[in-house]
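Here are some worked exercises to try with the structure open beside you. Have a go at each task before you read the solution.

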Amino acid sequence: MTKAPQFGVSFSFQAHRELGEPYDKAYREGIELAAEADRLGFHSVWASEHHGEADGYCPSPVVACAALAVAAPNCRIGQAVALAPLGGHPLRLAEDLSVVDNLSGGRVEIGLGQGYRPAEFEMFGWPYGRRTSAFEESLDILGLAWKGERFDYDGRIYKVKDGLLRPPPVRPGRLPLWIGAAAPKARARAVRHRAGFLVAPLIELEHLVRQLRSFDEEVARQNAGPLPRALMREILVGDSAADAMKRHQPFIDHVYRVQYAPERVGLSYIDRVTGERKPLTGDNPYFMSEDFMQERWLLGTPADIARKIIDWQPRLDVDHIIFQPRPPGMSLRQAVEELEAIAKGVIPLVKRTLT
């Protein structure tokens, strides 16, 4: 029988400045909402990372995770994702993560990526072209640090002399690791490091299925045993799909027409007339239409959302579904109401049907 996924929530702590939202309000209400997620029994809480964004997108997920660990004492606490090359020396990153793991009683999950925005690297005087090498070396050093023994490392970018991770994680060995891996080489890297596969929200269903199949094939090729998969999606609650879109439009537009504008992230789509995959632009009527959302996200009544997860899960077989409960500008009251609707109307139906 197909298993039911665990459900988690993710925070970017963006402020909708055009609606007059202060930066600190986005952070304070995010923390309050994490406490509500804990109360409602969600499995995990995650923080993401970008730099230099006008909306205050969280640039420091480790700090955010420390606060989230206190707000949500029963949830796993993770990063989805942190940009490893911009996190400083990997041994320092290992120390920061281990401190949060100790503060939280051993609840930390690590999601890492190499980054894809050149401007972020320019801010820090970092050569964008070296990000893949830096990411590889970061993963190497984290793996060595988690062994709990002294070690040396002589990389092209990072050096370690007689390094020792103290305090070590609460549970001996490595912390649970997730990697964002959109490309085949990235998926091979994730499997090589025995990491879970973390999938971003903008991939349509059929492409998503192909990526997961490719990941499974790579796991089999490397004889890596089963590795977990987490799916990041938007969940938009309303009386219908159209109502859900209307209720969320001012907030979700900021995320996907500004922060994740298709031209900015290199989004593509299948042209239904020609069958070709083409670059997607923000002025294309398909972008942010109901068809666009239904191919990627979960929207409508709680029953609609549950049925879609139940229909998708036999093909996806993901271990986690992670969603953003409060897009920028949404009131805390609306976010809590929707979080409760998902906790009480979606998750129980999914679990009854799939387990």
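**Exercise 1. Find where N223 sits, and work out whether N223 is buried or exposed.**

Solution. Start with the place: in this predicted model, N223 is in the loop between α7 (205-221) and β10. Next, look at the backbone: phi of N223 is near 50°, which is a positive value in a residue other than glycine. Last, check the surface: N223 has a relative accessible area of 68%, and the cut-off for exposed is over 50%, so N223 is exposed.

**Exercise 2. Do the same for F13: which loop holds F13, and is F13 buried or exposed?**

Solution. F13 turns up in the loop between β1 (6-11) and α1 (23-39). Its phi is positive too, at about 60°, although F13 is not a glycine. Now for the accessibility: F13 comes out at 5%, and under 20% means buried, so F13 counts as buried.

**Exercise 3. Work out why C58 and C65 do not form a disulfide.**

Solution. First, recall the general idea: a disulfide is a covalent bond between the sulfur atoms of two cysteines. Then take the distance: the sulfur of C65 is 8.0 Å from the closest cysteine sulfur, which belongs to C58. A disulfide needs the two sulfurs within 2.5 Å, so this pair is too far apart for a bond. A search of the whole structure agrees, finding zero disulfides. As for their surroundings, C58 is buried with a relative accessible area of 2%, and C65 is buried as well, at 5%.

**Exercise 4. Describe the setting of R229: which strand holds R229, and what does R229 touch?**

Solution. Begin with the strand: R229 is in β10 (residues 229-232). With a relative accessibility of 6%, R229 counts as buried. Then go through the neighbours: leaving aside residues up to four places away in sequence, R229 touches W178, F197, L212, F215, D216, L316, D317, V318, D319 and H320. Zoom in on L316, whose backbone oxygen lies 2.6 Å from a polar atom of the R229 side chain.

**Exercise 5. Check whether the span of helix α5 agrees or disagrees with what its residue count leads you to expect.**

Solution. Helix α5 covers residues 131-145, which is 15 residues. The expected span is 1.5 Å times one less than that number, so α5 should span 21 Å. Its end C-alpha atoms are 21 Å apart, and that agrees. While you're there, pick out the buried residues of α5: R131, A134, F135, E137, S138, L139, I141, L142 and A145. One general point helps in reading that list: an α-helix has 3.6 residues a turn, so residues three or four places apart point the same way.

**Exercise 6. How do α11 and α12 cross, and which residues make the contact?**

Solution. Find helix α11 (residues 302-316) and helix α12 (residues 332-354); their axes come within 9 Å and cross at roughly 35°. The crossing is right-handed. On the α11 side, the contact is made by P302, I305, A306, I309, I310 and Q313. On the α12 side, A341, G345, V346, L349, V350, T353 and L354 take part.

**Exercise 7. Which residues are joined by the cis peptide bonds at V81 and P167?**

Solution. Take V81: a cis peptide bond joins A80 and V81, with omega about -5°. V81 lies in the loop between β3 (76-79) and β4 (82-83). Now take P167: a cis peptide bond joins R166 and P167, with omega about 5°. P167 is in the loop between β7 (159-163) and β8 (177-180).

Conventions:
Residues are numbered from 1 along each chain as its sequence is written. This is a predicted model: local features need pLDDT of at least 70, side-chain atom pairs count only at pLDDT 80 or more; totals for chains, interfaces and linings use all residues. Side-chain values use heavy atoms; hydrogens and water are left out. Buried means under 20% relative accessible area, exposed over 50%, partly exposed in between (1.4 Å probe, protein chains only). Helices (H or I, at least four residues) and strands (E, at least two) are DSSP runs, numbered from the N terminus. A polar contact is a pair of N or O atoms within 3.5 Å; within protein, one must be able to donate a hydrogen and the other to accept it, and residues adjacent in sequence count only if both atoms are side-chain atoms. Contact means heavy atoms within 4.5 Å. Axes are lines fitted to C-alpha atoms, for helices over the stretch in contact, and angles run from 0 to 180 degrees between N-to-C directions. A crossing is left-handed if the near helix is turned anticlockwise from the far one by less than a right angle, and right-handed if clockwise.
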